[in-house]
Amino acid sequence: MIKAVIVEDSRLARIEIKELLRAHNDVLLVGEADSADKALELIRLVKPDLVFLDIHLPGASGFEILERLEHLPAVIFTTAFEHYAFQSYDYHAIDYLLKPIVPERLARAIRKACTHFGVNTTSPAGDDLQHRIFIKDQHKTWLVPLGNVRLFESKGNYVQVFFDDQNPLMLRSLQQLEDTLDPKQFMRINRQQIINLKHILKVGRTFGNRLKVTLSDGATAEVSRRQVAKFRERVELDKN
């Protein structure tokens, strides 16, 4: 078991990491801190094996915190900035995660940490996490099996996620999301929407030789003319 703490000044970011870590049985969370001073006190007190460490913190940077410690724990940096990645190697970081943290990327970092500490990495929860999506909408959070998601729809800088009887917004572009999804299960059918092919109830024709898809909740979405040929191929492949 890897004993870990979270050092992050954003309360919502701490919630996100904690929710994602719930699926990893190899990691035991033993504390959290929202500033440099509290982080130093916490790390010296509980002596964690691993720290999920933000770089921009009140009082000092994540790098300065490490420089003040007498005994260095392993570190997974969590930040919104790519340009610190090279510097992180000077601190023997196990990994470097960019926010918003996606479940499969965190799972990969945890596997690296398990290898580093010689911990068995066969946790089924870790594998299962790769098939879930973390959603944070204001003060509510969800960890949703991707199989339950029917539709992703672009809303400006956000994506609205439709699953069960919920439809929260998440701060991510549709393109960023598409890059993380299994193309065997999801398809972008037009500029605004990605559908789960497993939730298609029926397909009909509309004006202009376009296709209209009806999903399992009765909602409909139109396949753009540009995507019609690809959609036909994918649905046929899906039936095989």
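Me: Are Phe 152 and Phe 186 buried or exposed?
Reply: Happy to start there, with a reminder that this is a predicted model. A residue counts as buried when its relative accessible area is under 20%. Phe 152 and Phe 186 both fall in that class, so the word for the two of them is buried.

Me: How many aromatic pairs does a search of the whole structure find?
Reply: The search covers the whole structure and its total is four aromatic pairs. One of the ring pairs joins Phe 77 and Tyr 96, whose planes are 55° apart, a tilted arrangement. Phe 77 belongs to β4 and Tyr 96 to β5, with their positions 19 residues apart in sequence. As for the number of aromatic pairs, the answer is four.

Me: What relative accessibility does Tyr 96 have?
Reply: Its ring partner Phe 77 is buried, at a relative accessible area of 0%. Tyr 96 also counts as buried, because the cut-off is under 20%. The value for Tyr 96 is 12%.

Me: Why is the pair of Phe 152 and Phe 186 called tilted?
Reply: Tilted pairs are those that are neither under 30 degrees (stacked) nor over 60 (edge-to-face). The ring centres of Phe 152 and Phe 186 lie 5.6 Å apart. The pair is tilted because the angle between the two planes is 50°.

Me: How far apart in sequence are the parts that Phe 152 and Phe 186 tie together?
Reply: Phe 152 sits in strand β8, which covers residues 149-155, while Phe 186 sits in strand β11. The pair therefore ties together parts of the chain whose separation in sequence is 34 residues.

Me: Which strands are at the edges, pairing on one side only?
Reply: Five strands make up an open antiparallel sheet, ordered β10-β9-β8-β12-β11. A strand at either end of that order pairs on one side only, and these are β10 and β11.

Me: Which residue in β12 does Arg 188 stand opposite?
Reply: Strands β11 and β12 pair in the antiparallel sense, over three bridges. β11 runs over 186-188, and β12 spans residues 193-196. Across from Arg 188, the residue in β12 is Ile 194.

Me: With which side chain does the side chain of Arg 150 make a polar contact?
Reply: Arg 150 is in strand β8, and its relative accessibility of 9% makes it buried. Beyond its sequence neighbours, Arg 150 touches residues including Phe 162, Ile 194, His 199 and Asp 217. At 3.1 Å, the side-chain polar contact of Arg 150 is with Asp 217.

Me: Which element gives the largest share of the largest nonpolar core?
Reply: This core has 24 residues, and among those with the most contacts inside it are Val 5, Val 7 and Phe 77. Two or more residues come from each of β1, α2, β3, α3 and β4. The largest share is six residues, and it comes from α2.

Me: Is Asn 25 buried or partly exposed, and at what relative accessible area?
Reply: Asn 25 is located in the loop that joins α1 to β2. Partly exposed is the class between under 20% and over 50%. Asn 25 is therefore partly exposed, with a relative accessible area of 47%.

Methods: Residues numbered from 1 in each chain as written. Predicted model: local features only at pLDDT ≥ 70, side-chain atom pairs only at ≥ 80, totals over all residues. Heavy atoms only, no water. Pairing = 2+ DSSP bridges. Helix = DSSP H or I, 4+ residues; strand = E, 2+ residues; numbered from the N terminus. Buried < 20%, exposed > 50% of the residue type's maximum accessible area, 1.4 Å probe, protein only. Phe/Tyr/Trp six-rings, centres within 6.5 Å; stacked < 30°, edge-to-face > 60°. Core = buried A, V, L, I, M, F, W, Y, C linked by side-chain atoms within 4.5 Å. Polar contact = N/O pair within 3.5 Å; in protein donor to acceptor, adjacent residues only side chain to side chain. Contact = heavy atoms within 4.5 Å. Lists of a residue's contacts leave out its neighbours within four places in sequence.
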